[in-house]
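Please open the model in your viewer and keep the selection panel at hand. The tour goes from one whole chain to a contact between chains, and then to a pair of helices.

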Amino acid sequence: MILSEPGATLLELAHVSRVYGEQVKVYALRDVSLQIRAGDHMAIIGPSGSGKSTMLGLLGVLDRPTDGTVTVAGEDTGALPDDERSRLRGDTIGFVFQQFHLIPHLAAVDNVATALLYRGLSRSERRDRSMEALESVGLGARADHRPVQLSGGEQQRVAIARALVTRPLLVLADEPTGALDSKNAEMVMEIFAGLQSAERAVVLVTHDHNVAATANRVVSMRDGGIVSDVTQTPTPFRGPS
Amino acid sequence: MSRFRELIGIALAGIAARKVRTLLILLGPIVGVAAMVGAVGLTESAKGDLKARLAELGTSLITVEAASSFGSQNPTLPQNAVRRVSAIGSVDSAAAVGEIRNVVTLPNEGGAEYYQAFPVPVLSTDTALPAVLQVPLRSGRWISTADQRNRTKAAVVGAGLAEQYGVLPGEIRTIRLNGEDFGVVGVLERVALDANLDNAVFVTPYAAKEYLGADSTAPTKMYVRAAEGATQEVADAIPTAVALGGSKEVTTSIPSDALEASAQADKTLQQTALFAGLLALAVGGLGIANVMSISVIQRSSEIGIRRALGSTRLLIGLQFLFEALFVGLLGGLLGAVLGVGVVYLVSAIAGWVVVIDYAKMPIWIGLAVGVAVAAGLYPSIKAARLEPLETLRLG
């Protein structure tokens, strides 16, 4: 676990561009700079094709920029070999996806424990910490259920527990309520509201304005660039817009 | 080490999660190894009884017969042939028999017409014969020095003749040799290395000469037991030792040689079946490669999320390679068990003695593991090369 101070820069994009195509170059991101600090509860918002997904890939160290630098916890990720990027990703970032991406043959607790593999922890330590994380999202009693035995909302809560179990500096969520009904969406957003902490940052990538309203900082994107970056007073989630 | 254990756990969970798929890809290694274990086991077991008997009898017995040289119709060995041969350093023991010709042998007074149709060899013998042959008596006792000294009409019959004459164990009975009643004092167990003895009657040299009118008690055949490992050397030395510069010619043979040759498994059949097993294993390997390649595509989301959670390319590749390894190991083990089962079943039906070389099992199972790992290499590399961003479908 990497510790951070309140207000410290956890992740920084400096003049980042991401270009696809060899012959015909398409700019998915163009000269984007962004700092994510401890305590941020950020929403990245924009219409389809605005570059949100590309941004998410770069923030999550899942992709490399064509130009510019991505710095995570003080390390320039562009200079790191693939294995080191994997290690950094596992140590500092927790992911929550729209489609949950749980491993179907594993029980909820084992899905959460997947994030703790290859860290020198014993099986019982992995299980204890995973149970703790599941209990924090109200799913302690469903620990031994496989994804197919859980509702969509419960699956997303398992995914959130998996993202939190490593105690990451940054939680990256991609349309976390996109596949949920309004009741489950509210439950999940309630959990996200509770994640706000001075030591970590939460970034929600969404096209839902009601989701964005729960953040204290909103970054709006259009055509591969940031058009606004404003701080706001968060409001409680009012259901999917 | 803990990383290694974690990888094993993930691989085993992956195999256990998809039971039908796992069963399908297990078939290749199972059939391949079962075919190879079965091929070797069945071809060896078909000769298993001979092998077992050979192991029991040993390979150190030599038979010595007088050669029929020109002008000699009934060749014999020198009277003191046993003593001459015993002088050879590596000879453990020796015994001789002398065939008495033209003896009419009957189980009793009646049935002369029927039994005379089957000529029975009657042999004068010395007391050491069963010990040299390493064959026990089925019942009763062997001819003794007391029989010779007391001039008794004692006879021992071979196991085959005893069965033919209906001699019961412990029964007091006689057989008729040239019209003389001889008391049957024992029955010699079957002699695997010289089946002629199974149908023979054994009497003392005195009885041979005095009661059965033998011209001579000179031996016609000698059995020599050589020291372990010196059989051929002794067999080569015997003609000189017996002749001692005289005119007697002898032929020697090692009866276990023939048995040993016939106990050899049919190598061509074995190799053909082995080849078929290897082919099954290779086809099974293709099956593993095929199914695992599809599996990598189906499990791309799992691969993506594992990568997002910090797994390196190497760990992802190893996870799939370990799955292939366990498929090979499990398939190999099950195949070996199946192969052994088939050998036992067929041997039980055919009445064979089961011969299975368990020392070779690691080779067959190792082959299955090798093929499975080789087959899993491509899907593993494919899995390791998957980009998490491509598999997670963001946005």
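What follows is a short walk through a predicted model, with one selection at each stop.

Begin by selecting chain A and colouring it by secondary structure, which comes to seven helices and ten strands. The radius of gyration of chain A is 17 Å, close to the 18 Å that the globule rule gives for 241 residues, so chain A is as compact as a globular protein of that length. If you turn the C-alpha trace of chain A along its principal axes, you will find that it spans about 50 × 40 × 40 Å. Of the 241 residues in this chain, 49% count as buried, and among the contacts in chain A with a separation of 6 or more, 69% are between residues 24 or more positions apart.

Next, bring chain B into view and select the contact between the two chains, to which chain A gives 26 residues and chain B gives 24 residues. On the side of chain A that touches chain B, the elements that give two or more residues are α1 (52-59) and α2 (82-92) of chain A, and α2(A) gives the most, with six residues. Coloured by class, this side of chain A shows nine nonpolar, ten polar and seven charged residues.

Finally, hide chain A and select residues 19-45 and 267-298 of chain B, which are helices α2 and α12 of that chain. Their axes come within 8 Å and cross at roughly 170°; because angles over 145 degrees count as roughly antiparallel, α2(B) is roughly antiparallel to α12(B). The residues of the contact between α2(B) and α12(B) divide into 19 nonpolar, nine polar and one charged.

Conventions. Residues numbered from 1 in each chain as written. Chains lettered and ligands numbered in written order. Predicted model: local features only at pLDDT ≥ 70, side-chain atom pairs only at ≥ 80, totals over all residues. Helix = DSSP H or I, 4+ residues; strand = E, 2+ residues; numbered from the N terminus. Rg over C-alpha atoms; globule rule 2.2 N^0.38 Å. Buried ≥ 20, exposed ≤ 12 C-beta atoms within 10 Å, placed from the backbone. Contact = placed C-beta atoms within 7 Å. Nonpolar A, V, L, I, M, F, W, Y, C, P; charged D, E, K, R; others polar. Axes fitted to C-alpha atoms, helices over the stretch in contact; angles between N-to-C directions. Parallel < 35°, antiparallel > 145°, perpendicular 65-115°, else oblique.
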